[in-house]
Structure formats: structure tokens, C-alpha cells
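Please walk through the structure below with attention to how its parts meet. The account starts from a single residue and works outward.

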Amino acid sequence: MSFLPEALRLGQTPLHLETVSGDDVRRAVDLPRVDASAFAALLSPAADEHLESMAARAHALTLSHFGRTVSLFTPLYVSNHCANHCRYCGFAAPNSIPRSQLSLDEVRAEGEAIAATGLRHLLLLTGEAPRKAGVAYLEACVQVLRPLFPSISVEVYPMETADYARLTRAGVDGLTVFQETYDPVLYAELHPAGPKRDYAFRLNTPQRGAEAGMRVVNIGALLGLTDWRQEIYAVGLHAAWLQKRYPGVDIAVSLPRMRPHAGAFQPACIVSDRELVQAMTALRIFLPRLSITISTREAPSFRDNILPLGVTRMSAGVSTAVGGHAKPAKTGQFEISDPRSVAEIEAMLRSRGYQAVFKDWEPIEASA
Amino acid sequence: MEHTDIFEIGGKRLSSRLFTGTGKYGNDELIAPVCEASGSEVITVALRRVDLDGKTDNVMKHIPTHMTLLPNTSGARNADEAVRIARLARAMGCGDWIKIEVISDNRYLLPDGYETAKATETLAREGFVVLPYMNPDLYVARSLADAGAAAIMPLGAPIGTNRGLRTEEMIRILIEEMELPIIVDAGIGAPSQACRAMEMGAAACLVNTAIATAADPVLMGRAFGRAVTAGREAWLAGPGAVATLAQASSPLTGFLDRTEGAS
Ligand code: SF4
């Protein structure tokens, strides 16, 4: 079983959301159990007029399921070597940027700099260059970081299940992998060369991670590549499919919007703040227990305001450059919009009545 | 009123039958005033959230020292993981009480009865005071009792839903059939619902979300404390039997007495 046939169908069948009426939206907001067609209604242009009631429901659901808490994490870029040609990314192989990969000593120094801010959840990132940053290298990084971070997730190239299992044994408990776009034709255009061209292999990655024992599997689409409504619909159905098939795994989504970066590619569509709020609240109403991450790609004031509408995780104190925590930043993967420190994010959360959660998991294997 | 109604469990005597939690607060500094306002003496804490050597704020330091800690195994997906978390809690100095939560369904967070019973058996043998969180099912309750549970914690509704006593009939059966204390856990969203559970004869209620996410958690804590006391007193007072039909002042069978009297 795979989500592939469904994804291909979703990616190629327009949703025709212009036929949705205001009444359809009103009904969808109040349904006790929101199905796929009600979810689509919440993503329709007609829903724009009902954004306030969507926000109210999303807030109530978030409050009752997650309380006034937001988990904080930060990404650690250990390598920016990449064999792919993704047209929207600053790390793409054709871009002439300085390439580097941290030595284990540098990884430790980065880890210590991050741990000093109080963060206990880490997201380890690489580009896609398995020959440089292979599984053994990642395993070694995890071993170095494990004493500092009770929870480590990876956002690396798609692997086979056995490799993920190796990482989970080393202490990795979360996997992030974005499909970028669910539209297979656009996907082929945006990934002209490199291993990432394989749409199906990438699409089945979250599933392989779940089978390998990851506790958290985070998916998403890069918003801006094509019609966001269509993409969020696919992300939501993919998340629901994963939740159903892997009930023991915490399924999370991220809603990254495209940011300016070193390449020349510019977004095909601009997702407005209002539209991002619609996307997030629709997802929350559709899947009340879904973890939702909002990254530092977003501006501070927007992050602060969208907080009560469904957010459960935030990145903080971010540098997207390799080795950017211990030393001053070099060229990052993309520009961040929220440069606030961990302490500043914590203070912001506190002032809004929210609590920053630094630690929310610890591998039992390692400690008992 | 004097506290003559003491709840004894795991060798501890409690004068409050409201258990509270530490999750979901916007600010952990509210925990101490909520404990005080509610009168609660038992508080559950997710071990996964405790970072004893972290430089950041640690939830444990906000828990008043007179409280009995009820660490929970939140995050455990099977018996084996729950057992390891429990042992870790004890090693960390959290005491012998443990609330078993074995959940491998992240959509509804429903507890796995079979794995819960397995974990209960192992931990009870190791001397823990085991309080398992469960679906209100009589057979699971019996296996938990056989496994050595100190009390049983059935859910009123799925965690975090504030939907109230959706499982009322099943909980009533547990109260009637089981000798162990029944502590209603999860789903209670309003003081009236906690009061209702106590009126039915529950031994205690655990309330977290409804207090932690209230606009004024301290006031809500106090309301729950009072509701639980009111419900308990109603139960102790022995409510009059509920009649299904109105009792006519001239009963239809009244003639029988008269006939007998006349003979
Ligand atoms: S998006 Fe990832 S795979 Fe694509 S070029 Fe950037 S780093 Fe490489």
C-alpha cells in the first residue's frame, strides 16, 4: 500500500473549488467530523469570508488538544553538498556557493552552542549527497549530539527503510521530508536532474520512516510552487492517510512559504498571509491532532499572530548556514525572516500566555 | 466541614479527591496556585517533559512539595516502553506512584488495554503503586486488578476533548463491579461533570485540560475542587432512589392493603 496512486490523482485533478458556496463552508466549519470534501470546502475561495469562524474553531481545537504550549526546536545544517538541481533552492548543485561539511568536532561545537540556549530538540539537516554525508556520517553526528539533545530529527535525503532503522537505533526519533509539490508534472520540471527526480521514491519516504520506527514524521509542500489550495489539500490527505496507517506515529506538517534565495527562481504564486491562515486553520479543523510547524521563514509579527490558530511547533534561534551557530553565518539555504534568539521567542510566547516547551521527548532505550 | 472522608491509596491518605496535571499550561507558574486553590494533593507529570539538567525552566520546580507526584508514561507505545519510563521516573526520585499510559493511536489517544495490563503486572511486582489509564471496559478492568493495579483510571471521553462523561454507563458498571477505586481520567471539561462522576461513586477525578486551558486556571481549579467535594458529599449522603414513574398519591394497588386489613 502506498499513497502514490492517490497523490498522482490529486496532483492531476483540479479541485474546482470555485463551485463551493458560502453555505458549504459554514457547514464544514461546524461539522463534528470533517471529511475530505468538507476539508476542500475550507480551502475554497468562498471560505475567505468565513476566516474568522474558521480561526475560532481552529483555536478552540488547538487549545483543547495541545494547550497553551509550543515546542521549540532549531535546525542544524551539517552539510550543504547537494547533487540535486532543485530550481527553487540555494543549495542546488549548479549554484556556486561555498560548500562545506562539518567535522564531528564542529558538530559538537555547534551542538554545544545550541544547547546553551536551552533547546533540547534538534533537527539535523543536509543536502542530498549521500556519498559525502552518508548514513555512517549521520550516525556519527547523532552519537556526538545525543548527550546534548534528548530528541533529534533528521531532514536529509530520502533513504531506504533499513537506513532509517539504523538512524532510529542511533537515537533519531523524527523524520522531516517535504514533497515540495504533489503535482507530478511540475515536480519533474522543478527537479531537472539528480536523485530527487524520483517523485514516487520521495512520496513514499514518510511511510518508510514510519515503518522504521520514527516517532514523528513531518511532511509538507513548498508553498509558492503552484496553486496552494491544491497542494494543501494533498498535504492534508497525505497526513490523514499516514495518521490512519501509522496510528502510533505523530504526524506533523510544515507550511513553508518560498523565500528569496541565491538562485534565480521566483515563486509561481504568492501565498498571502490571509491565505496561509486559511491553509493552517483548514488543516487544524480537518485533523485536530495534527502537529503544525511554523518556521522562521515567516516574519516575527506574523508568527506571533498566527500562533493561537493551530501552531504546535516553532523553530527558534535559526541559522540556515552550515556551522552558523558557533561561527558567524555564511550563505544559508534561504533567508530567514525571524532572526529572534531562543530567549526572545520564549519571552514572546510568555507575553502571549504561551509556554515554550524545550523538552518533550527522550529516547527510553538510551536511558533505562 | 471536618475531613473525615479520607481517600487512602498506595499507603497515602488524601483529603482531596481531585487529581490535577501539569500539561498544557501557558505558564508553569500557575501550577502552584492551582494546587492551592483546588486543594488537590496529587499531580501528574509527563516524564517526557522533565528535563532535570536543562538550563531552562523545569516543571518539577513549580510543583509544591506537599503534592504526591504521579509521573505518567505518556509517550509509551507499548508495555515495554511504559515499564522503562516508570523505572526511569523512580530512578529520578519521582517516587513509587506511576500512571500507566500506553497509547499507540495518536489520532484519538485511546489507551491500549492489553499492553497497559502487561505493564501494570510488571510494575506492580516491582513495588510501584500503579494507576493505569484505560478505556472503561469491565474485562480490562478485571485484568488490571489481577495485575495489581492500585486504582483504575477510566476515561470519560478522549484526552483533551472536554466532552464530559461520554462513557458514563461503562464507568457506572466499573464502579458497581470493581472493588478498586475508580478515578475518572480524561475528557472531563466542566466542574459539573466532575461532580456527576463523584455523585456516581467515583473515588476521584483527574482533571488537566479543563483547568490548564481555562481563561483563569486558578479560579477553575477552585471550581473543580468544590465540584468534586460536592459530588463526593452527595454520594456519601446516599441519594434517594430515582423513580421512573411518578408515585400516585392513590396507588393503583392500594386496594390490596385495604382488602387484607379488612379480612
Ligand atoms: S532542496 Fe534539498 S535536495 Fe534540492 S537542491 Fe536544495 S538542498 Fe538539494
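Leaving aside neighbours within four places in sequence, which residues is Gly67(A) in contact with? In this predicted model, Gly67(A) is in contact with Thr62(A) and Tyr354(A), and also with Lys24(B) and Thr213(B) of chain B. Gly67(A) sits in the loop between helix 4 and strand 1 (69-79) of chain A. The residue has a relative accessible area of 3%, so Gly67(A) is buried. Gly67(A) and Thr312(A) are 245 residues apart along the chain, but 9.2 Å separates their C-alpha atoms.

The contacts of Gly67(A) with Lys24(B) and Thr213(B) lead to the interface between the two chains. Chain A puts 39 residues into this contact, and chain B puts in 37 residues. About 3000 Å² is buried between chain A and chain B, and carbon and sulfur atoms give 44% of that area. Between chain A and chain B there are 20 residue pairs in polar contact, counting pairs with both residues at pLDDT 80 or more. On the side of chain A that touches chain B, at least two residues each come from helix 4 (51-66), helix 11 (228-245), strand 9 (355-357) and helix 15 (364-367) of chain A. Helix 4 of chain A gives the largest share of that side, with four residues. By residue class, the side of chain A that touches chain B has 15 nonpolar, 12 polar and 12 charged residues.

How many salt bridges are there between chain A and chain B? The count is four. A salt bridge joins the side chains of Arg350(A) and Glu29(B), with an N to O distance of 3.6 Å.

The next stop is a group of annotated positions in chain B. An unreviewed UniProt entry gives the feature "binding site" at Gly160(B), Ala186(B), Gly187(B), Asn208(B) and Thr209(B). These positions span 50 residues in sequence, yet no two of their C-alpha atoms are more than 9.1 Å apart, so they gather at one spot.

Two of these positions can be followed in detail, beginning with Thr209(B). Thr209(B) belongs to helix 7 (residues 209-212) of chain B. Its relative accessible area is 8%, so Thr209(B) is buried. Apart from neighbours within four places in sequence, Thr209(B) is in contact with Ser64(A) of chain A, and with Lys24(B), Gly160(B), Asn162(B) and Ala214(B) of chain B. The side chains of Thr209(B) and Lys24(B) make a polar contact at 2.9 Å. Lys24(B) is also one of the residues in contact with Gly67(A).

Gly187(B) is placed in the loop between strand 9 (183-185) and helix 6 (191-199) of chain B. With a relative accessible area of 7%, Gly187(B) is buried as well. Outside its neighbours within four places in sequence, Gly187(B) is in contact with Ala157(B), Pro158(B), Thr161(B), Asn162(B), Arg163(B), Gly164(B) and Gln193(B). Asn162(B) also appears among the contacts of Thr209(B).

A further annotation concerns a lysine. The unreviewed UniProt entry has the annotation "active site" at Lys99(B). Lys99(B) is part of strand 6 (residues 97-100) of chain B. Is Lys99(B) buried or exposed? The relative accessibility of Lys99(B) is 5%, and values under 20% count as buried, so Lys99(B) is buried. Not counting neighbours within four places in sequence, the contacts of Lys99(B) include Thr44(B), Leu70(B), Asn72(B), Tyr133(B), Met153(B) and Asp185(B).

Chain A also has a buried lysine, Lys196(A), with a relative accessible area of 9%. Lys196(A) is in the loop between helix 8 (184-190) and helix 9 (199-203) of chain A. Residues touching Lys196(A), beyond those up to four places away in sequence, include Asn84(A), Cys86(A), Glu128(A), Glu180(A) and Arg202(A). With Glu180(A), Lys196(A) makes a polar contact between side chains at 2.8 Å. Lys196(A) and Cys86(A) lie 110 residues apart in sequence, and their C-alpha atoms are 8.1 Å apart in space.

The last residue is Asn58(B), in the loop between strand 4 (42-46) and strand 5 (68-72) of chain B. Asn58(B) has a relative accessible area of 11% and is buried. Beyond residues up to four places away in sequence, Asn58(B) touches Val50(B), Asp51(B) and Leu52(B).

Note on methods. Residues are numbered from 1 along each chain as its sequence is written. Chains are lettered from A and ligands numbered from 1 in the order in which they are written. This is a predicted model: local features need pLDDT of at least 70, side-chain atom pairs count only at pLDDT 80 or more; totals for chains, interfaces and linings use all residues. Side-chain values use heavy atoms; hydrogens and water are left out. Contact means heavy atoms within 4.5 Å. Buried area is the accessible area (1.4 Å probe) that two parts lose on being put together, summed over both. A polar contact is a pair of N or O atoms within 3.5 Å; within protein, one must be able to donate a hydrogen and the other to accept it, and residues adjacent in sequence count only if both atoms are side-chain atoms. Ala, Val, Leu, Ile, Met, Phe, Trp, Tyr, Cys and Pro count as nonpolar, Asp, Glu, Lys and Arg as charged, and the others, Gly among them, as polar. UniProt positions are given in the numbering used here, feature names are shortened, and annotations may be inferred rather than shown by experiment. Buried means under 20% relative accessible area, exposed over 50%, partly exposed in between (1.4 Å probe, protein chains only).
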